[in-house]
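Trainee: I'd like a close look at one part of this model, the places where its pieces meet. Could you walk me through it?

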There are 2 protein chains.
Amino acid sequence: MNNFRFWSPTEFVFGKNTVGNVGQLVKQYGGTKVLIHYGGQSAVKSGLLAQVESSLQNEFIEYVKLGGAQPNPVDTLVYEGIDLCRKENVNFVLAVGGGSVIDSAKAIAAGALYAGDFWNFFEGTVTINRALPVATVLTIPAAGSEGSPNMVITKTTAGKLKRGTGSPLLRPVFSIMDPVLTFTLPANQTAYGIADMMAHVMERYFTQTRGVEVTDRMCEAVLLAVVKEAPVVIREPENYEARANIMWAGTVAHNGICGVGREEDWATHGLEHELSALYGVAHGAGLAVMFPAWMKYVYTSGVDRFVQFAIRVWGIEDTGDKKEVALKGIQALKDFFSSLGLPVNFAQLGAKAADIDQLIDTLKINSRGSLGNFRKLDMKDARAIYTIAAE
Amino acid sequence: MNNFRFWSPTEFVFGKNTVGNVGQLVKQYGGTKVLIHYGGQSAVKSGLLAQVESSLQNEFIEYVKLGGAQPNPVDTLVYEGIDLCRKENVNFVLAVGGGSVIDSAKAIAAGALYAGDFWNFFEGTVTINRALPVATVLTIPAAGSEGSPNMVITKTTAGKLKRGTGSPLLRPVFSIMDPVLTFTLPANQTAYGIADMMAHVMERYFTQTRGVEVTDRMCEAVLLAVVKEAPVVIREPENYEARANIMWAGTVAHNGICGVGREEDWATHGLEHELSALYGVAHGAGLAVMFPAWMKYVYTSGVDRFVQFAIRVWGIEDTGDKKEVALKGIQALKDFFSSLGLPVNFAQLGAKAADIDQLIDTLKINSRGSLGNFRKLDMKDARAIYTIAAE
């Protein structure tokens, strides 16, 4: 086990009818002038935004609003949010939405207190030393951003660079999570979220670090629970218990508790980001395509871990033939994704083998030439993995 | 799943050679005058206390010291600590030791800012509204107090009342956890700690709340990891990886993550407290005796949960005979405790069936007449469970 520091200070307020607490919570955490950041019209139409506003009004908290955050949130809206925060003396950023809205809110919160260009954080040239407090009202279980220090933003100029960074200062101070808000999520978005949270666990699970039994078992715990509940939420979108388990799974998958003490990988996220950037496909859809492909390419670098994954998560019989068992586990994951209606190859995703050169060109810039830890991948490896995904 | 709030803000600093960070961490969390609270001479002899003092000195942080905290920490030392904090204008309490030291430190931290008798917190007549910040350097993985809001103190007057209470304000601001510090723990103390952390998981696991698959799986994850690593630390006390896993398991078992969204039980802890108070036995030893006894008495109130426990944690074959499978799971737990050298009945613990009346008399006062949630227990039930344990 590696040395680690783990700090997850977010207060999670989870359950039915919890949105009405938002005003009190903002007050408790010192917000007096709030930027409410949200996405499209669904938050307006559903009445959620009105409910949030009403709760803030009840506590006499002032606010301004900025909508328009899109999947794969973009730099242009972040600049707009930063300007608005400065102009209006905002001291608290409240994201109402899913991971994209939250990531956009985090970038605004960090950028508002930084005199330079916030994109410097994503270039890695500047560290985030200050940020406005961020909080969330979560509507899509997927990205885990409601409990994580991370964010991913796409730069729209200069060829759609999609990059991630983070800071402990960007862990939300609170996150309100009402599973009922997820009842109206369509099946495909629900499935994308499930692929995303499973990927967050698997990026941590596939490690060369030894002696991490507690986190191994916790990763497997989250995966097992998701495997049980995912078909239920697809079949019965208003099943509260299943929706609640999926929602909480998305948080613990990515607040860090599943990754302490181990080297993580994140190659697949890197490979996927190029797909989202080029085709505008959902992150979870891209992950469902790329994870099995990555696995097929790297499993021989640590077959015992893939055997453990196959046996403990998928119940594959241990025949003693490690390669066979490992490959059956990978196939089980792929079949599971398919059963949820997720794409598992380029064709189903709408990606083209002919674009692999272009994907590699951007990946080279974004990944600075190498990816991952389970096996260190260069651009030749990346090309091979895209090729497996395209088959 | 029940609605819940989960907040675990403790910064865990985990791994080899982490004790030297204590000065910087105290400074970061605002401590300028520290009470170092510790137990017996082992912290002195091992050089740990000197290392802590040196680290504080390096940051020019003043401190006073108070040793003497014992297993089943007592009110008299808490009063002494409170007086010392007031006299010396202490603004930060640092516990160096195991759960008893930490619990004693928490009581001091809360009592120092309360004008009345701190025992009122334990009587339930007063809520903890303020407390000095508490931090820990953990030396015994067991109680989970390094990441929990709870504490248990024994009142030495009026018949050894042992009571627990807590406050979010008493979650440590940081906890330093170096598994190497646990290498010198004798086998019996190591085993007591393991029983304690397993009990913390099982008090949460055995619930009537439905639809809690994520936390079910997480509870099972911690138990499975402990079952794997426990024999290793008993056999090889200087096995770093095994010690590290046990140490981290003790924290996640009790920081709350395994209990969110579900009604917890805690009857067995209540039953055990009377044994510790009467005989001065280790809490973990008493739990190893009482948990299987409690299980045998209550399993028919929710046999499916005991079947799940037997199959998922102990790998018992599912024959379809629920009672048989459930009882085999209980026996597996008992056998496991025995294999670690733990007592599993009154005789092995040094308790006597003839004292059951006396145990019930105090339990009646401490439990206000009822215990637990999985099955609500009255004093007749409690007597029956003590009787099973005495068999």
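Trainee: Into which domains is chain A divided?

Mentor: Before the domains, some housekeeping. Residues are numbered from 1 along each chain as its sequence is written, while chains are lettered from A and ligands numbered from 1 in the order in which they are written. This is a predicted model, in which local features need pLDDT of at least 70 and side-chain atom pairs count only at pLDDT 80 or more, whereas totals for chains, interfaces and linings use all residues.

Now your question: chain A splits into domain 1 (11–181) and domain 2 (186–390), with the bounds coming from an automatic or database domain assignment. Taken over C-alpha atoms, the centres of these two domains of chain A are 26 Å apart. Where they touch, domain 1 of chain A puts in 21 residues and domain 2 of chain A puts in 26 (two residues are in contact if their C-beta atoms, placed from the backbone, lie within 7 Å). On the domain 1 side of that contact in chain A, the elements giving two or more residues are β1 (4–14) and β7 (161–166); helices (H or I, at least four residues) and strands (E, at least two) are DSSP runs, numbered from the N terminus. The largest share of that side, three residues, is from β7(A). By class, the domain 1 side in chain A has 11 nonpolar, six polar and four charged residues (Ala, Val, Leu, Ile, Met, Phe, Trp, Tyr, Cys and Pro count as nonpolar, Asp, Glu, Lys and Arg as charged, and the others, Gly among them, as polar).

Then there's the place where the two chains meet. Here 36 residues of chain B contact 37 residues of chain A. On the chain B side, β1 (4–14), α8 (213–235) and α9 (240–252) each supply at least two residues, and α8(B) gives the largest share, 11 residues. That side of chain B has 19 nonpolar, seven polar and 10 charged residues.

As for the strands, β1(A) and β1(B) run antiparallel, joined by seven bridges; two strands pair if DSSP finds at least two bridges between them. In this pairing A:Ser8 sits opposite B:Ser8 of β1(B).

Finally, the symmetry. Chain B lands on chain A after a rotation of 180° with 0.0 Å of shift along its axis, RMSD 0.0 Å (least squares on the C-alpha atoms of residues with pLDDT of at least 70 in both copies). That's the relation of a two-fold axis. The same surface serves both copies, with 100% of the contact residues of chain B recurring in chain A. Of the residues of chain B, B:Pro9 comes closest to the rotation axis, its C-alpha being at 2.0 Å.
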